[in-house]
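The exercises below are meant to be worked through with the sequence and the structure side by side. Try each task before reading its solution.

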Amino acid sequence: MTELERLRTLMAAGQVKLGVHIRRMNSPGSPVYRTMENVAPAAAILALSFGSTVLVHFYLGAVVLAAGCWWWLAKQLPRVKDGVFDRTAALVLSDEKQFDFWWSQGVLSLYARLADGDERAATSRQNWRDWVRALPEGLQILEPKGK
């Protein structure tokens, strides 16, 4: 079993967590960036706000802008973050070359909490293959501290 296959198995069992640098992956040029997901809602909010200002009054435009900003931050942004994470995870877990490339770019991190309470994390400074190999066989799923 390769390190990536073991990592996929541990992640599927909930024993290892993958971390993704959302801001870097949700930028133009990233393979998981979706323009319509990011630009179209903001453009629609601005257009509605300007239209309300021109057609009715400044105060209506300000209310529309405030409501649009609330909607973006409370409703749309969490969906965007989840989508970027899911697409990134699918991309990097599909092939070792992809995982190696994005690991070297500092976009990914790994985390595991062992049965003895020891927490292990790996970032781009470390070799992810060595980190996966160093995890003990038969990890137990534990609740995070503070729950």
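**Exercise 1: Leucine 93 and its surroundings**

Leucine 93 is buried, with a relative accessible area of 17%. The model in which this is seen is a predicted one.

Task: State where leucine 93 is found, and which residues leucine 93 touches, not counting residues up to four places away in sequence.

Solution: Begin with the secondary structure, where leucine 93 is found in helix H4. Next, look for its contacts beyond the four nearest places in sequence, which are Leu4, Leu7, Arg8, Met11 and Phe99. Finally, compare sequence with space for one further residue, glutamate 5: leucine 93 and glutamate 5 are 88 residues apart along the chain, and their C-alpha atoms are 8.7 Å apart.

**Exercise 2: The chain as a whole**

Task: Work out how many helices and strands the protein chain has, and decide whether the chain is more spread out or less spread out than a compact globule.

Solution: Counting the elements gives 6 helices and 3 strands, and reading along the sequence puts them in the pattern α-β-α-α-α-α-β-β-α. The radius of gyration is 21 Å, whereas the globule rule gives 15 Å for 147 residues, so the chain is more spread out than a compact globule. The spans of the C-alpha trace along its principal axes are about 65 × 35 × 25 Å. As a last step, consider burial and contacts: 33% of the 147 residues count as buried, and among contacts between residues at least 6 apart in sequence, 61% join residues at least 24 apart.

**Exercise 3: Aromatic pairs**

Task: Find how the rings of phenylalanine 99 and tryptophan 103 are arranged, and then do likewise for phenylalanine 101 and tryptophan 102.

Solution: With ring centres required to lie within 6.5 Å, the count comes to 4 aromatic pairs. Phenylalanine 99 and tryptophan 103 form one that is stacked, with 6.0 Å from centre to centre and 15 degrees between the planes. These two residues are separated by about one helical turn, because they stand 4 residues apart in helix H5, which covers residues 96-104. Both phenylalanine 99 and tryptophan 103 are buried, and together with Trp128 they form one aromatic cluster. Phenylalanine 101 and tryptophan 102, in turn, form an edge-to-face pair, with 4.9 Å between the centres and 80 degrees between the planes. Phenylalanine 101 is partly exposed at a relative accessible area of 42%, whereas tryptophan 102 counts as buried at 12%.

**Exercise 4: Salt bridges**

Task: Determine which parts of the chain are tied together by the salt bridge of arginine 129 and glutamate 96.

Solution: A search of the whole structure finds 7 salt bridges, including the one in which the side chains of arginine 129 and glutamate 96 meet at 2.6 Å, N to O. Arginine 129 lies in helix H6 (residues 128-134) and glutamate 96 in helix H5, so the pair ties together parts that are 33 residues apart in sequence. Another salt bridge joins arginine 113 and glutamate 119 at 3.8 Å, N to O; here arginine 113 is buried, at 17%, and glutamate 119 is partly exposed, at 39%.

**Exercise 5: A nonpolar patch**

Task: Name the residues that make the nonpolar surface patch of about 530 Å².

Solution: The patch is made by Val54, Leu55, Val56, Leu60 and Val63. Helix H3 (35-55) and helix H4 (58-94) each supply at least two of its residues. Valine 63 lies in helix H4 and is exposed, with a relative accessible area of 53%.

Technical notes: Residues numbered from 1 in each chain as written. Predicted model: local features only at pLDDT ≥ 70, side-chain atom pairs only at ≥ 80, totals over all residues. Heavy atoms only, no water. Patch = residues over 30% accessible without salt bridge, like charges linked within 9 Å, V, L, I, M, F, W, Y side chains within 5 Å. Areas by Shrake-Rupley, 256 points an atom, 1.4 Å probe, with all protein chains shown as cover. Salt bridge = Lys/Arg side-chain N within 4 Å of Asp/Glu carboxyl O. Buried < 20%, exposed > 50% of the residue type's maximum accessible area, 1.4 Å probe, protein only. Phe/Tyr/Trp six-rings, centres within 6.5 Å; stacked < 30°, edge-to-face > 60°. Contact = heavy atoms within 4.5 Å. Rg over C-alpha atoms; globule rule 2.2 N^0.38 Å.
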